[in-house]
Amino acid sequence: ENLSGSYLIGTSEMVYELQQDFGDQLTLITLLSAAAIFIVVAVTFRNLLIPLLLVLLVQCGVFITVCVIGLQGYSMYYLAFLMVQCILMGATIDYAILFTNYYRSARETLDKKQSLAAAYDSSMHTVLTSGMIMIVATGVIGFFFSDPAIAQICRTISIGALSVVLLVLFVLPCMLGLFDRFIKKKKPL
């Protein structure tokens, strides 16, 4: 910033400039990550509703994470939030994809209730194992790391992974049951 022929540099000026662009950059990163995931999941499932539901579910996990961090009284570093947004969208969507894939496969021969039970049975071990690794590993690192930015990123990823795992276990089955007729595989003609 040029004030009467002089330039400001340093940490405070950098933070100021980052804060000015935060909203625009956050929106851009949210849209890009959601669009990329949407496209990949849409191509994989050959369905437009499934990626919409899964992206919304994981994005909800990101918002819950931000709320939890705020309720704990922590401030969030700009860079930490952007990194957490990308990591959570990319890493935790797999839990929802796995559960949905098992549900759709079971739905070919079973009713909704039986298909949900089969999806739980088939995916629970993997979702919980992978989820707990992400929750515990990043939580422990976040607790013991002395650098506040890295500690916050790790703690935030841990909280985010926990929220997404809970959403996959308790909200996704309801969503799949509710939109079942649009989600189940079409029988070939």
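This text follows helix H3 through three of its residues and on to a salt bridge. The model is predicted.

Start with the helix itself. Helix H3 spans residues 78–107. Threonine 100 is part of helix H3. Serine 105 sits in helix H3 too. Arginine 107 also belongs to helix H3.

Take threonine 100 next. Its relative accessibility is 0%. The cut-off for buried is under 20%, so threonine 100 counts as buried. What does threonine 100 touch, leaving aside residues up to four places away in sequence? The contacts are Phe45, Ile50, Leu54, Leu172 and Leu176.

Now move to serine 105. Is serine 105 buried, partly exposed or exposed? Its relative accessible area is 34%. Partly exposed covers the range between under 20% and over 50%, so serine 105 is partly exposed. Serine 105 can also be placed against serine 115. The two are 10 residues apart along the chain. Their C-alpha atoms are separated by 8.2 Å.

Arginine 107 brings in the salt bridge. How many salt bridges does the structure hold? There is one. Arginine 107 forms it with aspartate 180. The closest N and O atoms of the pair are 2.7 Å apart. Aspartate 180 lies in helix H7, residues 180–183, while arginine 107 lies in helix H3, so the pair ties together parts that are 73 residues apart in sequence. Are these two partners buried or exposed? Both aspartate 180 and arginine 107 are buried.

Note on methods. Residues numbered from 1 in each chain as written. Predicted model: local features only at pLDDT ≥ 70, side-chain atom pairs only at ≥ 80, totals over all residues. Heavy atoms only, no water. Helix = DSSP H or I, 4+ residues; strand = E, 2+ residues; numbered from the N terminus. Buried < 20%, exposed > 50% of the residue type's maximum accessible area, 1.4 Å probe, protein only. Contact = heavy atoms within 4.5 Å. Salt bridge = Lys/Arg side-chain N within 4 Å of Asp/Glu carboxyl O.
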